[in-house]
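Q: I would like to learn how to read the sheets, charged pairs and cysteines of a model. Could we go through them one at a time?

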Amino acid sequence: MEKKTEHYDVVIIGGGAAGLTAGIYCGRAKLKTLLLEKSLVGGLATYTNEIENYPGFPEGTTGTDLMGLFHKQAKKFGVDFKMTDVKSVSVAEDIKVVETFRVRYECKAIIIASGGKPRITGAANENMFLYDKGISFCATCDAAANTGKTVMVVGSGDAAIEEGMFLTKFADKVIVSVMHDHGKMDCNEIAKTQALENPKMEFMWNTVVSSFEGEERLNSVVLNDLKSNKLQNVKVDSCFLFIGYTPNTEVLSGVVDLNRNGYIRVNEKMETNIPGVFAAGDVCDKLLKQVATAVGDGAIAGYGAEKYISECEIYEHQILNQGKLSVVYLWNATDPSCRELLPLFEAFEQSHPEIRVTKVDVYKSPGLAGKLGIDSVPSIVYLDDGKIQKVITEKICDEIMNALTN
């Protein structure tokens with residue numbers, strides 16, 4: 001089946017907090033923007049029942065409600081949404097390609113915000129009970145179904161402990177398997193104190209999952225005591241895993257630089273090693289993976305994509321000037337010596353209407369200086385036939401300017 005082709009300025013892969021924020025910035029910049037999400041708009045944040053550390057919500061909010069607002073705002077700015085999985089990404093050319101099962105999307109810039117997926121324990125029989133068979137990754141989704149029951153939570157980070165406390169509103173008992181010594185947990189101190197004081201929570205220290213047991217559905221978890229190496233079979237109705245995430249970068253291997261754990265390497269501008277390809281959110285190699293940091297990443301990536309596309313258009317249409325004569329003055333608005341030369345170029349422009357003159361402030365548009373291979377200012381670049389003929393960096397004056405075309 002031949003795939004149809006559609007054209008966009010920006011394609012965003014992933015509809016979590018980072019992707020939606022990038023969409024808001026791109027849509028508001030009047031870029032034709034497409035967001036691809038394979039499962040649930042809002043991403044992993046929608047799994048969180050209580051978000052208390054996102055600024056602007058002093059009483060807290062739910063992940064579903066917060067992501068619903070993000071989604072509504074992105075749609076307001078004209079972002080298109082398609083619920084489909086990405087099959088491949090090609091970034092070798094200036095026009096980049098994102099392919100799904102049925103469509104080939106061509107675009108000028110890509111923002112990868114594909115997030116991560118819950119990590120599993122790797123214990124025996126785990127695959128037999130994933131999702132609707134007793135092992136869950138979402139307390140918001142499955143808490144009500146465990147009303148009056150006994151559940152286990154595996155993990156001791158913020159997500160594990162906060163979701164465990166949420167589960168106590170429904171379950172009679174929440175057993176927490178922690179791999180650390182007694183009293184040591186990976187969550188914040190407030191959550192730790194609240195959890196230890198919660199009468200419905202019971203902690204099993206120095207334990208990891210050895211196996212999951214049951215028939216059609218999970219009915220017990222076998223824990224291994226790391227100090228005594230003894231196994232203990234614990235009867236539960238459900239088990240919730242909160243032991244971190246792995247990045248969704250399967251289709252990106254060999255496309256952009258990844259670290260050894262599969263996360264995308266980016267700089268402070270959320271740029272990958274490929275021009276025009278940005279990454280944001282939990283898919284990136286970063287210290288803190290939270291909604292608040294994902295929002296910051298998405299904003300930077302969205303702004304960066306807008307800047308990249310704008311600079312590409314200036315370079316193609318103004319600087320290359322369809323192969324006709326072109327002079328570029330690269331300057332820095334904060335440098336007095338650069339500002340003193342501006343009248344010289346304005347006079348040159350008026351006396352040479354046959355030459356396209358472009359002034360590039362490298363403080364605002366460092367990407368254009370990079371495209372021209374210029375790393376110092378003030379500089380003059382003279383182009384003919386779409387190619388650089390001369391570069392002048394010293395003693396810029398009327399005589400030098402007028403000699404450019406000789």
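Q: Which residue of β13 stands opposite F212?
A: In a paired sheet one can follow partners across neighbouring strands. In this predicted model, F212 has V221 of β13 as its opposite residue. The two strands involved, β12 and β13 (residues 218-225), run antiparallel to each other and are joined over seven bridges.

Q: In what order do the strands of that sheet come, and which of them stand at the edges?
A: The order is β12-β13-β14, an open sheet of three strands with antiparallel pairing. The edge positions belong to β12 (207-214) and β14 (231-235), each of which has a single partner strand, so one side of each is left without a neighbour in the sheet. On average, neighbouring strands here are turned by 30° against each other, direction ignored.

Q: How is the sheet that contains β18 to β21 ordered, and what is its pairing?
A: This open sheet is made of four strands in the order β19-β18-β20-β21, and its pairing is mixed. At its edges stand β19 (356-361) and β21 (387-392), and because each has a single partner strand, one side of each lacks a neighbour in the sheet. The average turn between neighbouring strands of this sheet is 20°, again with direction ignored. Within the sheet, strand β20 (residues 379-384) pairs with β21 in the antiparallel sense over five bridges, and D384 has K387 of β21 standing opposite.

Q: Which strands does helix α6 touch where it packs on this sheet?
A: For a helix packed on a sheet, one reads both the strands touched and the angle between directions. Helix α6 (residues 291-319) touches β18 (326-331), β19 and β20, and its direction makes about 155° with that of β19. Helix α8 (residues 342-351) also packs on the sheet, in contact with β18, β19 and β20, and the angle between the directions of α8 and β18 is about 165°.

Q: How many salt bridges does the structure hold, and what parts of the chain does the pair of E99 and K3 tie together?
A: For each charged pair it helps to ask where in the chain the two partners lie. The structure holds 11 salt bridges. One of them joins E99 to K3, with the closest N and O atoms 2.9 Å apart. E99 belongs to strand β5 (residues 96-99), whereas K3 is in the segment before β1 (4-13), so this pair ties together parts that are 96 residues apart in sequence. K3 is partly exposed, at a relative accessible area of 27%.

Q: Where do E202 and K173 lie, and where do E349 and K359 lie?
A: E202 and K173 form a salt bridge whose closest N and O atoms are 3.4 Å apart. Since E202 is in strand β11 (residues 201-204) and K173 in strand β10 (residues 173-177), the pair ties together parts that are 29 residues apart in sequence. E202 is partly exposed, with a relative accessible area of 33%, and K173 is partly exposed with a value of 33%.
The salt bridge between the side chains of E349 and K359 has an N to O distance of 4.0 Å. E349 is in helix α8 and K359 in strand β19, 10 residues apart, and the pair links distant parts of the chain. E349 is partly exposed at 33% relative accessibility, as K359 is at 35%. A network of salt bridges, moreover, links K4, E6 and K82.

Q: With which side chain does K108 make a polar contact?
A: The side chain of K108 makes a polar contact of 3.2 Å with the side chain of E313. K108 lies in strand β6 (residues 103-112) and is partly exposed, with a relative accessible area of 29%. Leaving aside residues up to four places away in sequence, its contacts include Y8, D9, D94 and G276.

Q: How many disulfides does the structure hold, and why does C187 form no bond with C239?
A: A disulfide is a covalent bond between the sulfur atoms of two cysteines. This structure holds zero disulfides. The closest cysteine sulfur to that of C187 is in C239, at 18 Å, which is too far for a bond. The sulfur of C338 is likewise too far for a bond, because its closest cysteine sulfur, in C397, is 16 Å away.

Q: Are C187 and C338 buried or exposed?
A: C187 is buried, with a relative accessible area of 7%, and C338 is also buried, at 0% relative accessibility.

Conventions: Residues numbered from 1 in each chain as written. Predicted model: local features only at pLDDT ≥ 70, side-chain atom pairs only at ≥ 80, totals over all residues. Heavy atoms only, no water. Disulfide = S-S within 2.5 Å. Buried < 20%, exposed > 50% of the residue type's maximum accessible area, 1.4 Å probe, protein only. Contact = heavy atoms within 4.5 Å. Polar contact = N/O pair within 3.5 Å; in protein donor to acceptor, adjacent residues only side chain to side chain. Pairing = 2+ DSSP bridges. Axes fitted to C-alpha atoms, helices over the stretch in contact; angles between N-to-C directions.
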